Amino acid sequence: MATGSKGYLEHSAIYVKDMDWHIAFFAEVFGMGIRSKSMDGDKIAQVWLDGGMQLTVKPEFDGDAGGFNHLGIMVEDLDKAVDAAYERGVTEMAQGRNWVRLPEGICIEIMKAENNAVAQALAVNPRK
């Protein structure tokens, strides 16, 4: 059995019905500005905010507790982590080999970290 790679949660992605409201909320309450966005014509389809939040518009979404989309996890060694994931019985998603669905449905995007980012992120103690 392969041993995975050290990693950290880089972002969490949720579905939202009203993109503008959510962008304003995260900006005003948490100071999370827009880091990147993708467009669908003249409307924002997805937005990545400072601080690790990704919002994906889904107009038909009606969930009470938010619409979980996927977790984005940064790792030191992408191949090692992906191999270890497949040895645990995950399913490859359409986006590619580094996108996996766990047996109970959680989706994870596994991404390669650069410049010692994993060690730096794991060194942060948010409870101090």
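Okay, before anything else, one term: two strands count as paired if DSSP finds at least two bridges between them. Keep that in your head, and remember that this is a predicted model.

So, bridges. Look at strand S7, residues 96-101, and strand S8, residues 107-112: they pair in the antiparallel sense, over three bridges. If you want a spot to click on, take Val100, whose bridge partner in S8 is Ile108.

Now zoom out to the sheet. It's an open one with eight strands and mixed pairing, and the order runs S2-S3-S4-S1-S5-S8-S7-S6. At the edges you've got S2, residues 34-40, and S6, residues 91-93; each has a single partner strand, so one side of each is left without a neighbour in the sheet. On average, neighbouring strands here are turned by 30° against each other, direction ignored.

Next, helix H2, residues 78-87. H2 packs on the sheet and touches S5, S6, S7 and S8, with its direction at about 45° to that of S7.

Which residues of H2 are buried? Ala81, Val82, Ala84 and Ala85. They cover an arc of only 160° around the axis, which puts them on the same side of H2. And what do those buried residues pack against? That would be S5, S7 and S8.

Last, the two ends of the helix. At the N-terminal end, Asp77 acts as the cap for H2, with a side-chain oxygen 3.3 Å from the backbone nitrogen of Asp79. Just after H2 comes Gly89, with a positive phi of about 90°.

Notes:
Residues numbered from 1 in each chain as written. Predicted model: local features only at pLDDT ≥ 70, side-chain atom pairs only at ≥ 80, totals over all residues. Heavy atoms only, no water. Helix = DSSP H or I, 4+ residues; strand = E, 2+ residues; numbered from the N terminus. Axes fitted to C-alpha atoms, helices over the stretch in contact; angles between N-to-C directions. Contact = heavy atoms within 4.5 Å. Buried < 20%, exposed > 50% of the residue type's maximum accessible area, 1.4 Å probe, protein only. Arc of directions from axis to C-beta. Polar contact = N/O pair within 3.5 Å; in protein donor to acceptor, adjacent residues only side chain to side chain.
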